[in-house]
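I open this notebook to keep track of what I looked up, entry by entry. The entries go from the whole chain to single residues.

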Amino acid sequence: MTGFRSLIGICLALLLALTSLSLAAARAAPRPVDRIVLCTGFGLQTIEVDASGHPTGPPHICPDGIAALAALAPAPPALPVRLLRAR
């Protein structure tokens, strides 16, 4: 049983290391400078371009970064307490 726990711990550590690489890759990706909006027959298409006008591709959304942003969200407003009365 202790061997199984050690194996699970090593697998989780490797999984954490691999997922952190995606956040590092997202930080090193070139940021778009401007957006070009095209009106096509299928609707509006947005293309993000860098400083020289080359497309940078779709933004990379990392689940680790989303979790960090979710922690910054404000708490939902507290609802007023409704008092119960016996009739």
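What follows are my entries on this predicted model.

**Entry: the chain as a whole**

I began with the secondary structure and found two helices and two strands in the chain, which are arranged along the sequence in the pattern α-β-β-α. I then looked up burial, and of the 87 residues of the chain 3% count as buried. For the surface I noted that the chain exposes about 8100 Å², of which carbon and sulfur atoms supply 68%. As to contacts with a separation of 6 or more, I recorded that 25% of them are accounted for by residues 24 or more positions apart.

**Entry: the nonpolar patch and helix 1**

I asked which residues make a nonpolar patch on the surface. The patch, of about 660 Å², is made by Met1, Phe4, Leu7, Ile8, Leu12 and Leu15. I picked out isoleucine 8 from this group and placed it in helix 1, which covers residues 2–28. Isoleucine 8 has a relative accessibility of 36% and therefore counts as partly exposed, since that class lies between the limits of 20% and 50%.

**Entry: the salt bridge**

I searched the whole structure for salt bridges and came away with one. The partners are arginine 35 and glutamate 48, whose closest N and O atoms are 3.1 Å apart. This pair links distant parts of the chain, with arginine 35 in strand 1 and glutamate 48 in strand 2, 13 residues apart. I also looked up polar contacts, and the side chains of glutamate 48 and arginine 35 are joined by one of 3.1 Å.

Is each partner buried or exposed? Arginine 35 has a relative accessible area of 56%, so I entered it as exposed, whereas glutamate 48, at 13% relative accessibility, counts as buried. The limit that matters for the second case is 20%, because buried means a relative accessible area under that value. For the location of glutamate 48 I wrote down strand 2, residues 43–49.

**Entry: leucine 38 in strand 1**

I turned next to leucine 38, which has its place in strand 1, residues 34–40. I asked what leucine 38 is in contact with when its neighbours within four places in sequence are left aside. The list I obtained is Gly43, Leu44, Gln45 and Ile47. At 37% relative accessibility, leucine 38 is entered as partly exposed.

**Entry: cysteines**

I checked for disulfides, and the structure holds zero of them. I looked up the accessibility of two cysteines as well: cysteine 11 is partly exposed, with a relative accessible area of 43%, while cysteine 39, at 71% relative accessibility, counts as exposed.

**Entry: threonine 56 and proline 32**

My last query concerned threonine 56, which lies in the loop between strand 2 and helix 2, the latter being residues 63–71. How far apart are threonine 56 and proline 32, in sequence and in space? I noted 24 residues in sequence and, from C-alpha to C-alpha, 6.4 Å in space. Threonine 56 itself has a relative accessibility of 24%, so I entered it as partly exposed; the limit for buried is under 20%.

Notes
Residues are numbered from 1 along each chain as its sequence is written. This is a predicted model: local features need pLDDT of at least 70, side-chain atom pairs count only at pLDDT 80 or more; totals for chains, interfaces and linings use all residues. Side-chain values use heavy atoms; hydrogens and water are left out. Helices (H or I, at least four residues) and strands (E, at least two) are DSSP runs, numbered from the N terminus. Buried means under 20% relative accessible area, exposed over 50%, partly exposed in between (1.4 Å probe, protein chains only). Contact means heavy atoms within 4.5 Å. Patches are made of residues with over 30% relative accessible area and no salt bridge: like charges are joined within 9 Å, nonpolar side chains (Val, Leu, Ile, Met, Phe, Trp, Tyr) within 5 Å. Accessible areas come from the Shrake-Rupley method with a 1.4 Å probe; for residues, only the protein chains shown count as cover. A salt bridge is a side-chain nitrogen of Lys or Arg within 4 Å of a carboxyl oxygen of Asp or Glu. A polar contact is a pair of N or O atoms within 3.5 Å; within protein, one must be able to donate a hydrogen and the other to accept it, and residues adjacent in sequence count only if both atoms are side-chain atoms. A disulfide is a pair of cysteine sulfur atoms within 2.5 Å.
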